[in-house]
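Colleague: I'm still new to reading structures, so could you take me slowly through one part of this one? Pick a ring pair to start from and follow the chain to whatever comes next.

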Amino acid sequence: MSGIFVSFEGIDGAGKSTHIAGLATAFQAQGRVVTLTREPGGTPLAEQLRTLVLNDAMDAMTEALLVFAARRDHLVQVIRPALQRGEVVLCDRFTDATFAYQGGGRGFDWNLLSTLEQWVQGGETFLQPDLTIWFDLPPSVAAARLASARVPDKFEAQPLAFFEKVAAGYGRRFAADTSRFARVNADQTTGQVWLDVQSAVRLKGLLP
Ligand code: TMP
């Protein structure tokens with residue numbers, strides 16, 4: 001069996017978590033071994049970098065370098081080995097988040113991010129997710145959801161205008177690679193979003 005790599009994206013408050021857990025169960029029901037992971041994070045080193053990125057003030061380049069450093073460790077230690085074992089890797093955020101948050105939100109150089117992406121995901125083969133599910137939600141709706149949520153981290157505390165730029169960043173990544181992406185309207189009931197998520201995975205031939 002060959003490995004399957006799925007990433008999940010969207011602005012803060014888009015509601016990815018329930019559906020990631022649901023898909024893990026669906027793949028396990030097919031007899032697949034599932035590695036559930038997240039970015040930034042997924043290894044002890046990358047989790048330490050996550051704490052810094054989510055809590056400390058830093059310029060956009062530092063932020064981009066730290067998330068790519070975390071990603072490199074995660075790829076080497078966890079993602080590539082799991083895929084080589086034929087497992088299903090479900091990753092809560094991946095490189096599209098860097099383009100959306102550091103590129104779109106923070107206005108960091110898009111081309112430089114592309115160079116870092118090539119370095120970090122390169123090697124014998126360039127690795128991208130087989131499928132990226134983008135939970136697309138209007139930033140104003142996400143803001144209303146976040147207002148009633150837990151204590152915000154550095155990104156969650158950003159104003160609406162920041163998330164509008166992040167959403168535009170996701171839109172730009174989507175437009176550049178529509179075959180990898182499934183865009184799901186996240187402004188629906190959880191049940192309807194779940195149906196759309198399952199259809200996206202089936203359409204890719206990843207689940208029966
Ligand atoms: P999470 O809370 O959904 O796990 O995401 C962590 C936060 O980090 C979220 O606000 C998005 C942000 N982030 C970046 O800014 N750049 C990245 O490359 C990644 C993966 C996440």
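Modeller: Sure, let's start with the rings: there are eleven aromatic pairs here, where rings of Phe, Tyr or Trp (its six-membered ring) pair if their centres lie within 6.5 Å, with planes under 30 degrees apart called stacked, over 60 edge-to-face and the rest tilted. One of them joins phenylalanine 5 to phenylalanine 94, edge-to-face, with 5.0 Å from centre to centre and 80° between the planes. It's a nice one to look at, as this pair links distant parts of the chain, 89 residues apart. Phenylalanine 5 belongs to strand E1 (residues 4-9), while phenylalanine 94 sits in the loop between strand E3 (88-92) and H4; helices (H or I, at least four residues) and strands (E, at least two) are DSSP runs, numbered from the N terminus.

Before we go on, bear in mind that this is a predicted model, so local features need pLDDT of at least 70 and side-chain atom pairs 80 or more, while totals for chains, interfaces and linings use all residues. Residues are numbered from 1 along each chain as its sequence is written, and side-chain values use heavy atoms, leaving out hydrogens and water.

Now look at arginine 93, which is also in the loop between E3 and H4. Its phi is positive, about 80°, even though it isn't a glycine. Most residues other than glycine have a negative phi.

Arginine 93 also takes us to the ligand: along with Asp12, Arg50, Thr98 and Gln102, Arg93 comes nearest among the 14 residues around it (a heavy atom within 4 Å counts as near). Helices H2 (44-55), H3 (60-84) and H4 (95-105) each give at least two residues to this shell, and H4 has the largest share, with four.

Next, check the polar contacts, meaning N or O atoms within 3.5 Å of each other. Polar side-chain atoms of aspartate 12 and arginine 50 each lie 3.0 Å from a ligand oxygen, and for lysine 16 the distance is 3.2 Å. On its own the ligand has 480 Å² of accessible area, and the protein covers 95% of that (Shrake-Rupley method, 1.4 Å probe).

Methods
Polar contact = N/O pair within 3.5 Å; in protein donor to acceptor, adjacent residues only side chain to side chain.
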